[in-house]
Amino acid sequence: MNRRGLTIGLVLLLAAVVTPSSSLEAWFGRAPGSLTSGPAIFKILLGFHAALLILWSKRRPLLQQRTVVGQPVPWLPLAALTVLALVLRLIHLNSCLWMDEIFAVMDNISPPLNVILTSFASQNQHMLFSVLARICVVVFGLNEWAVRLPAVFFGVASLWALFLLGRRVTGDREALLATALLTVSYHHIWFSQNARGYSGLLFFTLAGTWLWLEAERRGSLRFWLLYSLCGALGLWTHLTMAFVLASHALISLAQLGLRRGWRQEGWWIPFASMFLAGTLALQLHALALPEFLRTGLGEVSLPSEWTDPLWVVREALRSLKLGFSSVAVLIVGGVVMALGWLDIHRRNAAAAWSFVLPGVISGGLMLAMGHNLWPRFFFFCMGFALLIAMHGALKSVELVRLPPKAGLAVAGLIILASALTVPRVYRYPKQDFTGARDYVEQFHQPVAAVGLAANAYAWYAPQWQRPVNDRQFLDLYQGQQAEWLVYTLPVHLKAWDPQTWQIVNRDYRIVREFPGTLGDGTVYVCRRGVQP
């Protein structure tokens, strides 16, 4: 019997039973009744997890753990890649925030921790990231680099998660090569400098997949518990983690059917671990859950280019600097990826399917719901893609019977090509709101920021006019209070404020553009009546 586990479980169970909901709300600085059913959900789940802990403390061995001989970790190259990755992700960390970061800072990071933990007004809330960013703000002050520090941490940590997963599936050499490729990846650096939870989601996706495969191999209850914790924290970071867990559940279920594994003792433990991940995540979200169900879950995406799956493809090609004329590159890349995935499938079918199912499920669901299909929603699959690509490249060299050194040369060229794109990360801010602001303000005339730019300049220029819909802008326009106008992301402006967009195109002329690394994220400065 585990006396410590039993004691903790009994204390938590007692707390769940005797603590009034009003006391829980008061502890989080909320008025009585303001969290509606959140405290009750929290207490029920607390009691449930306490009961599980009590039962676990009286456990008998549930699995026969298999002995696995560990391979030495190549500490030196991993340490070198870690240092390089950290340096690359700290350069220009203090550049201007882009739109989503500004929303996050204003709504989810600036408030105190008690508000963050009990608020989920929109899907822009990445709870674990918000908590960590708030801690950084308290320690270092409210500035651009401080709110991005957790993204840097998760970005660097994801290198280690990728290596562990890679060595489990393809071996140390390919795992190191894929990790090196991730280190100098333009997109990974971009997201590791993004004050959002996407680099955290990537880390938990890779770590969770590794823990799932390792727990299956070892038959280890400890690894299954770590998997549950990893899944819960991933869900607390971003709900897309549910697609990763769902993929693991489907694959495990298929394996049970193929092997008739339900006849084996402990067959249910993987599913119990996934269920535990879900209930722990629900516990972490409990106090904010009613608000999420009331407002965050009901967000809509108006029909626009962003809901068109072809736009995702075009944007991905644009970010990779590949036009549709590069058909040969696309075909060769597709063949290499197919070879890599098929060979991984031959070695480990479960791993191969876990690499592709999360992206397929998430993309299919968002397409069915008519949700905006932004490329960043698929960033969590990046580690899988790099492992498949690196394995495919080396497998291709092997198939044409070139010497092993040729494979390393090809891998080196791929890593070098990726490294050559890194300077583009630092060329511009993600969106240059401050550059546009400083340019306009030198003319000392009325300025209006419209569309999403209105929200951005609530942070960077609160003194500006910021109409948030067509009617407010029309009032400013007719009152001659918008000599200068600033907007960004025209796709959104066209869909959400069509009358404003019509007036902008008819009566304003662009006098200056401030580009950014965000796709279509140029900030446009216009003046009324100026001829091109």
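Reader: How many residues of S4 are buried, and is the strand mostly covered or not?
Author: In this predicted model, 5 of the 6 residues of S4 are buried, and the strand is therefore described as mostly covered. Buried means under 20% relative accessible area, exposed means over 50%, and partly exposed lies in between, with a 1.4 Å probe and protein chains only. As the model is predicted, local features need pLDDT of at least 70 and side-chain atom pairs count only at pLDDT 80 or more, while totals for chains, interfaces and linings use all residues. Residues are numbered from 1 along each chain as its sequence is written, and side-chain values use heavy atoms, with hydrogens and water left out.

Reader: Which strands sit in the sheet, and in what order?
Author: The sheet is open and has 4 strands in the order S1-S2-S4-S3, with mixed pairing. Strands are DSSP runs of E with at least two residues, helices are runs of H or I with at least four, and both are numbered from the N terminus. Strand S1 (447–449) and strand S3 (508–514) are the edge strands, each of them pairing on one side only. Direction ignored, neighbouring strands in this sheet are turned by 25° against each other on average.

Reader: And how many bridges join S3 to S4, and in which direction do they run?
Author: S3 and S4 (residues 523–528) run antiparallel and are joined by 6 bridges, two strands being paired if DSSP finds at least two bridges between them. Within that pairing, Tyr 508 has Arg 528 of S4 as its bridge partner, and Ile 510 stands opposite Cys 526 in S4.

Reader: What about S2, how does it join S4?
Author: S2 (residues 484–488) also runs antiparallel to S4, with 5 bridges between the two strands, and here Leu 485 stands opposite Cys 526 of S4. Cys 526 of S4 thus stands opposite Leu 485 and also opposite Ile 510. S1 and S2, in turn, run parallel and are joined by 3 bridges, with Ala 448 opposite Leu 485 of S2.

Reader: Why is S2 said to be largely enclosed?
Author: S2 is largely enclosed by the rest of the structure because 5 of its 5 residues are buried. In a regular strand the side chains alternate between the two faces of the sheet. For S2, Trp 484, Val 486 and Thr 488 lie on one side and Leu 485 and Tyr 487 on the other, and all of these are buried, so that both faces are covered.

Reader: Changing topic, where is Thr 522, and what does Thr 522 contact?
Author: Thr 522 lies in the loop between S3 and S4, and it counts as buried because its relative accessibility is 16%. Leaving aside neighbours within four places in sequence, Thr 522 is in contact (heavy atoms within 4.5 Å) with Tyr 487, Thr 488, Leu 489, Glu 513, Phe 514, Pro 515 and Gly 516.

Reader: Where is Asp 520 found, and is Asp 520 buried or partly exposed?
Author: Asp 520 is found in the loop between S3 and S4, and with a relative accessible area of 30% it is partly exposed. Its phi is near 60°, a positive value in a residue other than glycine. His 92 also has a positive phi, about 55°, although it is not a glycine, and His 92 is placed in the loop between helix H4 (75–90) and H5.

Reader: Now the helices: how do the axes of H5 and H23 cross?
Author: The axes of H5 (residues 99–109) and H23 (residues 452–460) come within 9 Å and cross at roughly 55°. Axes are lines fitted to C-alpha atoms, for helices over the stretch in contact, and angles run from 0 to 180 degrees between N-to-C directions. On the H5 side the contact is made by Met 99, Ile 102, Phe 103, Val 105 and Met 106, and on the H23 side by Leu 452, Ala 453, Asn 455, Ala 456, Ala 458, Trp 459 and Tyr 460.

Reader: Lastly, how many helices does the protein have, and what share of its residues is buried?
Author: The protein has 26 helices and 4 strands, and buried residues make up 51% of its 532 residues. Of the contacts with a separation of 6 or more, 75% are between residues 24 or more positions apart.
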